[in-house]
Amino acid sequence: MMVNMEVDNAGDGNAGGMIGASKAMSEASELRYSRLIYTLGREAAMALSGSRVMVLGCKGLGGEVVKNLAMCGVQGLGLVDDEVVAMADLGAQFLLSEGDVGRNRAVATAQRVKEMYPSVEVATLGSGAVESAVGSYGCVVATSGAVGELVRLNSVCRSLGVPFVAANSRGVFSFVFVDFGDSFSVLDETGEPAGAVLVEGITQDFPATVTVVEEQRHGLENGDEVLLSGVKGMEELNRETPYSVTVTGVHSFTIQEDTRAYGRYLSGGYFTKLKTAKNMEFLSLEKALLAPKFCIGDPVKAAQALTMHVGFQAVDEFERRHAAENSSSPRSSAIGADHLHEVVAIAREIWSNLRDSGNIGKGTTNGSYAMEATADGAEEESNEVLLKGLGERDGLHQDRSGFISGESSSAGIGEASGVTTRGLAGSLELDEEIIRLIALGAYVELCPVAAVTGGIAAQEAIKALTRVFTPIQQWLYFDAVECLPSAPLAPEDRLPCGSRYDHQIALFGREFQDKLGSLQWLVVGAGGLGCEALKDLVLMGVGCSSNGNITVTDMDTVSKPNLIDQVLYQPEDVSRAKAPTAARALRTINPAAQIHALQERFDPETETIFDSSFFNSIAGVFSAVDTSSSRLYLDARCVSYRRPMVDGGKHGTKGSVQVFVPFQTEMYASTRDPPEHKEMPICTLRNFPYAVEHTLRWAVETFEALFKSRPTDVNAYLSSRDFQESIRKSPASSRLPVLESLRDALMRHRPLSFDACVQWARLQFEDLFSNSIKQLCFNFPAGMTTTAGAPFWSGTKRSPTPITFDVADNLHLDFIMAAANLQATVYGLKGCQDRAIFIDLVQRVAVPPFQPKEGVKIAVTDNELRSQANQRKYQTSSGDNDAAEACERLLRELPTPASLAGYRLVPIEFEKDDEHNYHAEFIAAASSLRGRNYGIPSTDKLQARLLGGRVVPSIVTSTAVVGGLMCLELYKLIQGKPFTQHKHAYFNLAVPLFAFAQPIKAFEHTVARNQFDPLVWTLWDRFEMDCQNMSLETFLAEFQRQQGLEITMLSFGKSLLYAEFLPRKKLQDRMPLSLIDLITTIGKVTLPPTETTISFSISCTDAKGEDVEVPDVVAKVR
């Protein structure tokens, strides 16, 4: 059935698609898109908000592109699809429902997009109106259409200067093609932030040599351009004219500037690298078909790129030749086995024409300059306990020699990055097995492949609209052949049955679909990755049978910034709990979804919920958490209960997927990720900052001290009966600041009106940005030298300047307004937003003069700070006696808790996602004022929210790719594929770069035993014993009898239960205790009633009497 439509609300638009880009983004919009701005930059995000994109094809792949662009905030979308919704479309297109079957696909998709993303203007167009409407869009993304149609459309786009992206998927194969015209300027190739780098010295020379501090590397290359600012002594260099650099070392470079006549460099200064535009040239689709340039997605499979290139064309040509045989779409029926030979013959013809024309070998490559690592040997052993209850696997997986090329390749990075069609021309041959596999899946659209390809294609469209990041040049082919069944399926097992899963069944069979439906799976985290993975899982039918389910747990609530990459939430869901909200959305996508939503944190405190019975009920885990500590804990639980884990991670345009298979691979903890947040030296933050990160962290800590810790201490004093007794246990020098803070909060600066809050804020300004700086400069005056004779104020130590308050300075008043309103919140008073009132009130505040004090100790290094703390701890001098007397005096002066019965302050947790609470305003103002003290660049509210709140940059395109890759690994897990078929994936859509690596094989330990064969074990192994009603003494003896190893140490958690070196009396007392009594008495842990086992860590001696590492013991005690 064909549906012809006229242009509906297409709008006039401008050819560049930049309508409204010049308008300033509102604060509410900036908050919502803050993670996107963090990823792309403010100007790029604004450009998107004024852009319109035409998307051809609204099946799964098209739906993913539409979703990604809408969530990134484009102004408008034009949808083109003349076909009607089929039931099988629902297996990959989450925007469609069963009620849409028989409706036009574009109209049904547009209706749902308008409901989910009301700010996006959505138009539907008939195919006949496309060419006349192209000029109204900033980019065209075609996910459907025959090659001839796409060539014509691409030609129209080029004539109008409209960037063109084409994408398609067939089974486990897909491609993305990019043509941005003969000349396309990229403003920022990588999107990596160009932070300010601290200057340590500049020579009076030509060319002048610039040296940066040892703590930072300049990261420059020859020819880069930099701007200098804040330089003292050579002020002539502080201008807007950029300097071209020549690198002389990791900490030095020269600039083409004659500084011999300038003043001597004194101090200060930063340089910032300028982003320089890069011009790129693209071939038209017609030419690129004949002379392809490949961005290699998997270097080990580089030789397959050209085969896939030919395979897609061969299938398209087959469809063209047989179009008359199908009354509807040529992609409505599968290519039968009897026609495969014809597709292969067409492919041979295309291959021969390419070779004869001499165009094979003219292409180039870019992207993914990484090797695919493989471990020694191949693990063919199946995971017999994997996915309990899903049926036995029929034999072991056998590698296809015909279509998995390079399976055991150990090609290095240099080889991978040098792959070109020219270099391959001599030995390159058409892989006919790949052609057959493309043909067999020609009409199959898999949800995970659509998610991966749609994320990449949408990112390319964003590059076209913003000119940020490096486009693909020009073909990217992707495949997941490792997911395909190892053995051929019976034809009747692949026949459609009129369900939403027909496409999946066509490749994997009905039995496999039944396994997916009965699967019980855990997803930890319902944020961006969790939402994408959950959406893909229910589209695939995972846990959608009566005996299956998906458990999702997340204790967080939805916030505005979540809406740009967490697909299951809408604006009306803000402040709702994520897990149950996600569950409702998933049931809308697939009414058969069986979702068990929990609002629980997955950590040691919830082990009574996620206990052994829970883990025994699930087949595996998707990790969608955002910290290494959470991953490590989840990883440990999966290893303990022998469950596979697929972990996803993202950071802006970067993403990763790692898979861990029981008994076959190492665990996540085997190779630690670097810490998320670098620890900063305390003294640097307190007194010697030199980077924006330092001033921001200082501002956050100041916020927490004033508005969280202070009121918390007050409430503890007012509510804790033993407060005075407990505080007297700490050294007087440590408790004195706490008591002084209590006195100020309850007596000196306890506000009874908002006017008093303003007065307090003004005094805080003076103390933080003037008095403390004066004291620092008194202790370390200008011109001071170190014991080595070097200037004290040099290197990373920036000589600070006190700030004189000026009511006419907006930044000064911003701080006063934020601090006063936060103080009012703490004390339950009504705030104020009228700047005129603040101007009047702040000028009335009497600020006492400040005189620096003698004898104040200020630590220069963290070691010195620790030394001072230790001295105070053991101090018995008169100074400590004076502090003790002052503490007692303060305790007598403080109002008694009884006199303030029921009175409490309100501690404030920093909330980054509220535009009305003054939290970000305080952080931004405090950080910027601190920056003025030290000559460090200022901070805006966006930076305060992102860096101050330790927010991870996000964009839905990379989130979608990660979610799709995670689900592809699930296909392999269900089939019991060996670890050699699994892939760790790492990518950066900005560059673009893609890398795949085989998981690391689990290390095998060998332990010699008495009267037993050697024990060979991996981290997944454990000793299992029935120890019901067994005493410790019996357990030790029984273990030695069963295993031929003597236990020398036994522990549970952090509690040491047994060791040979323990005193004899302790051993005698413990030996008769049952294992349950042992952990209760010694470990102080009560075993939950639902728990039947206890896991013990043990140390043993082997046959030689040497201490050896062995697996844990899991003892059944009930």
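At 69% relative accessibility, Lys1084 counts as exposed, and this residue makes a friendly starting point for a walk through the predicted model. Lys1084 sits in the loop that runs between helix 35 (1075-1081) and strand 31 (1093-1101). Its backbone deserves a look too: phi of Lys1084 is near 55°, a positive value in a residue that is not glycine. Asn1029 also has a positive phi without being glycine, here near 60°. Asn1029 belongs to the loop between strand 28 (1023-1026) and helix 33 (1032-1043). With a relative accessible area of 78%, Asn1029 is exposed, because the cut-off for that label is over 50%.

The backbone also contains cis peptide bonds. One of them joins Phe206 and Pro207, with omega at about -5°. Pro207 is part of the loop between strand 8 (197-202) and strand 9 (208-212). Another cis bond leads from Gln473 to Gln474, and its omega is near -10°. Gln474, for its part, lies in the loop that connects helix 14 (447-466) with strand 17 (475-479).

Attention now turns to charged side chains. Side chains of opposite charge can pair when their charged atoms come close. In this structure there are 47 salt bridges. One of these pairs is formed by Glu131 and Arg152, whose closest N and O atoms are 2.5 Å apart. Glu131 lies in helix 6 (residues 130-133) and Arg152 in helix 7 (residues 147-160), so this salt bridge ties together parts that are 21 residues apart in sequence. Glu131 is partly exposed, at a relative accessible area of 32%, while Arg152 is exposed, at 51%.

Arg844 and Asp840 provide another example, their side chains meeting in a salt bridge with an N to O distance of 2.6 Å. Arg844 counts as exposed at 60% relative accessibility, and Asp840 counts as partly exposed at 35%.

What is the setting of the salt bridge between Glu532 and Lys535, buried or exposed? Both of these residues are buried. The closest N and O atoms of Glu532 and Lys535 are 3.0 Å apart. Both residues lie in helix 17 (residues 528-540), where they are 3 residues apart, about one turn of the helix. The pair also belongs to a wider set of contacts, since Glu64, Lys67, Glu532, Lys535 and Asp536 are linked in a network of salt bridges.

Some charges gather with others of like sign. On the surface, Glu1046, Glu1060, Glu1106 and Asp1107 form a patch of negative charge. One member of this patch, Glu1060, is found in the loop between strand 30 (1055-1059) and helix 34 (1064-1070). Glu1060 has a relative accessible area of 45%, so it is partly exposed.

Finally, how many disulfides does the structure hold? The number is 0. Two cysteines can still be described by their surroundings. Cys58 counts as buried, with 0% relative accessibility. Cys777, in contrast, is partly exposed, with a relative accessible area of 23%.

Definitions and conventions. Residues are numbered from 1 along each chain as its sequence is written. This is a predicted model: local features need pLDDT of at least 70, side-chain atom pairs count only at pLDDT 80 or more; totals for chains, interfaces and linings use all residues. Side-chain values use heavy atoms; hydrogens and water are left out. Patches are made of residues with over 30% relative accessible area and no salt bridge: like charges are joined within 9 Å, nonpolar side chains (Val, Leu, Ile, Met, Phe, Trp, Tyr) within 5 Å. Accessible areas come from the Shrake-Rupley method with a 1.4 Å probe; for residues, only the protein chains shown count as cover. A salt bridge is a side-chain nitrogen of Lys or Arg within 4 Å of a carboxyl oxygen of Asp or Glu. Lys and Arg count as positive and Asp and Glu as negative; His and the chain ends are not counted. The place of a charge is taken as NZ of Lys, CZ of Arg, CG of Asp or CD of Glu. Helices (H or I, at least four residues) and strands (E, at least two) are DSSP runs, numbered from the N terminus. Buried means under 20% relative accessible area, exposed over 50%, partly exposed in between (1.4 Å probe, protein chains only). A disulfide is a pair of cysteine sulfur atoms within 2.5 Å.
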